[in-house]
Amino acid sequence: MYLKQEEHLIPILVEDEAWPGVKRIAEKVADDFALVFDVRPAVLTRHQAKKEKADHVILFATIGCSPLLEELVQNGKLNVTEVEHKWEVFGLRLIENPWDGVKEALVIFGSDKRGTIYGMFHLSELIGVSPLVYWGDAQPQKRENQNIGPEDELVTKEPSVRYRGFFINDEWPCFGNWCMEKFGGFTAEMYDKVFELLLRLKGNYLWPAMWSARF
């Protein structure tokens with residue numbers, strides 16, 4: 001599947017039933033696409049996708065929170081047994097004619113919310129966006145298009161280390177001064193960037209900076 005059809009990127013489909021965190025990260029992945037292709041894909045609900053008559057879509061879905069995923073399973077188009085009931089696992093599959101009016105779907109589906117999010121950021125990495133895109137100023141190379149093929153399909157394993165994350169140490173002067181300069185303090189906007197990096201690196205644990213009681 002080529003991610004760019006004519007002059008437009010394939011839209012990202014996130015259902016109303018999706019976790020709020022999945023909806024939030026879908027917008028960040030769309031921003032990643034814009035960095036690479038200079039075009040931002042639309043992030044659509046199922047109703048909007050039908051209205052737009054999108055014939056190629058990218059679906060981000062979590063088992064238990066996705067009627068579309070359940071429909072694929074019931075129709076024998078997708079097997080989720082390697083993913084369901086697991087901890088932070090995701091699968092990536094290309095499916096032809098998944099639903100009426102859709103020719104092909106790239107489906108990233110998680111066993112739980114974080115599994116789905118890890119899969120979403122895995123797609124960002126496939127198009128060349130580093131987890132350090134913000135923190136390391138690691139801007140991706142521009143591309144005209146990108147093909148996601150059968151060789152990219154996968155199902156991940158459960159993490160061998162259950163809790164993985166950050167302890168923010170040495171808060172002053174380095175981290176504290178930087179936060180004050182960039183965000184005006186230990187704000188929600190700053191932690192949005194921290195949590196984004198955490199999820200891009202497939203982490204799930206944060207010990208926050210403790211100099212401020214605002215966390």
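Helix α4 lies across the strands β5, β6, β7 and β8, and runs at about 130 degrees to β7. That is a good place to start looking at this structure, which is a predicted model. From here we can walk through the sheet, then the nonpolar cores, and finally the charged pairs.

## The sheet

Which order do the strands take in the open sheet of six? Reading across, it is β4-β3-β5-β7-β6-β8, and the pairing is mixed. At the edges stand β4 (43-44) and β8 (154-155); each has a single partner strand, so one side of each is left without a neighbour in the sheet. As a general reminder, strands of a sheet pair through backbone hydrogen bonds, and they can do so in a parallel or an antiparallel way.

Both kinds of pairing can be seen around β7. Seven bridges join β5 to β7, and these two strands run parallel. Seven bridges also join β6 to β7, but here the strands run antiparallel. You can find individual partners in the 3D view: Ile58 stands opposite Leu106 in β7, Leu92 stands opposite Ile108, and Arg93 stands opposite Val107.

Helix α1 also packs on the sheet, where it touches β3 (12-13), β4 and β5. The direction of α1 makes about 145 degrees with that of β5.

Now look at β7 by itself. Are its residues buried or exposed? Seven of the seven are buried, so β7 is largely enclosed by the rest of the structure. Both of its faces are covered: Glu104, Leu106, Ile108 and Gly110 are buried on one side, and Ala105, Val107 and Phe109 are buried on the other.

## Helix α1

Let us check the length of α1 with a little arithmetic. At 1.5 Å a residue, its 18 residues should span 26 Å, and the C-alpha atoms at its ends are 26 Å apart, which agrees.

Many residues of α1 are worth picking out in the viewer. Those that are buried are Val22, Ile25, Ala26, Lys28, Val29, Ala30, Asp32, Phe33, Val36 and Phe37. To read such a list, it helps to know that an α-helix has 3.6 residues a turn, so residues three or four places apart point the same way. Just after α1, Asp38 takes a positive phi of about 60 degrees.

## Two nonpolar cores

The largest nonpolar core has 32 residues, and the members that touch the most others are Leu3, Phe33, Ile58, Phe60 and Leu106. At least two residues of this core come from each of α1 (20-37), β5 (56-62), β6 (90-96), β7 (104-110) and α4 (113-126). Which of them gives the most to this core? The answer is α1, with eight residues.

Ile58 shows what such packing looks like. Leaving aside residues up to four places away in sequence, Ile58 touches Leu3, Ile10, Pro11, Ile12, Leu13, Phe33, Leu106 and Leu123. There is also a second, separate core of 20 residues, with Leu44, Val57, Val102 and Val107 among them.

## Charged pairs

The model has 14 salt bridges. Three of them are set out here.

| Pair | N to O distance | Sequence separation |
|---|---|---|
| Arg40 and Glu27 | 2.8 Å | 13 residues |
| Arg200 and Asp32 | 3.0 Å | 168 residues |
| Lys202 and Glu125 | 3.7 Å | 77 residues |

Arg40 sits in the loop between α1 and β4, while Glu27 belongs to helix α1. Arg40 counts as partly exposed, at 38% relative accessibility, and Glu27 is partly exposed too, with a relative accessible area of 34%.

Arg200 lies in helix α6 (residues 188-200) and Asp32 in helix α1, so their salt bridge ties together parts that are 168 residues apart in sequence. Are Arg200 and Asp32 buried or exposed? Both are buried.

Lys202 is in the loop between α6 and β10 (205-207), and Glu125 is in helix α4. Lys202 is partly exposed, with a relative accessible area of 27%; for Glu125, also partly exposed, the value is 36%.

One last group brings several charged residues together: Arg24, Lys28, Asp32, Asp192, Glu196 and Arg200 are linked in a network of salt bridges.

Key: Residues numbered from 1 in each chain as written. Predicted model: local features only at pLDDT ≥ 70, side-chain atom pairs only at ≥ 80, totals over all residues. Heavy atoms only, no water. Core = buried A, V, L, I, M, F, W, Y, C linked by side-chain atoms within 4.5 Å. Buried < 20%, exposed > 50% of the residue type's maximum accessible area, 1.4 Å probe, protein only. Helix = DSSP H or I, 4+ residues; strand = E, 2+ residues; numbered from the N terminus. Contact = heavy atoms within 4.5 Å. Expected span 1.5 Å × (residues − 1). Pairing = 2+ DSSP bridges. Axes fitted to C-alpha atoms, helices over the stretch in contact; angles between N-to-C directions. Salt bridge = Lys/Arg side-chain N within 4 Å of Asp/Glu carboxyl O.
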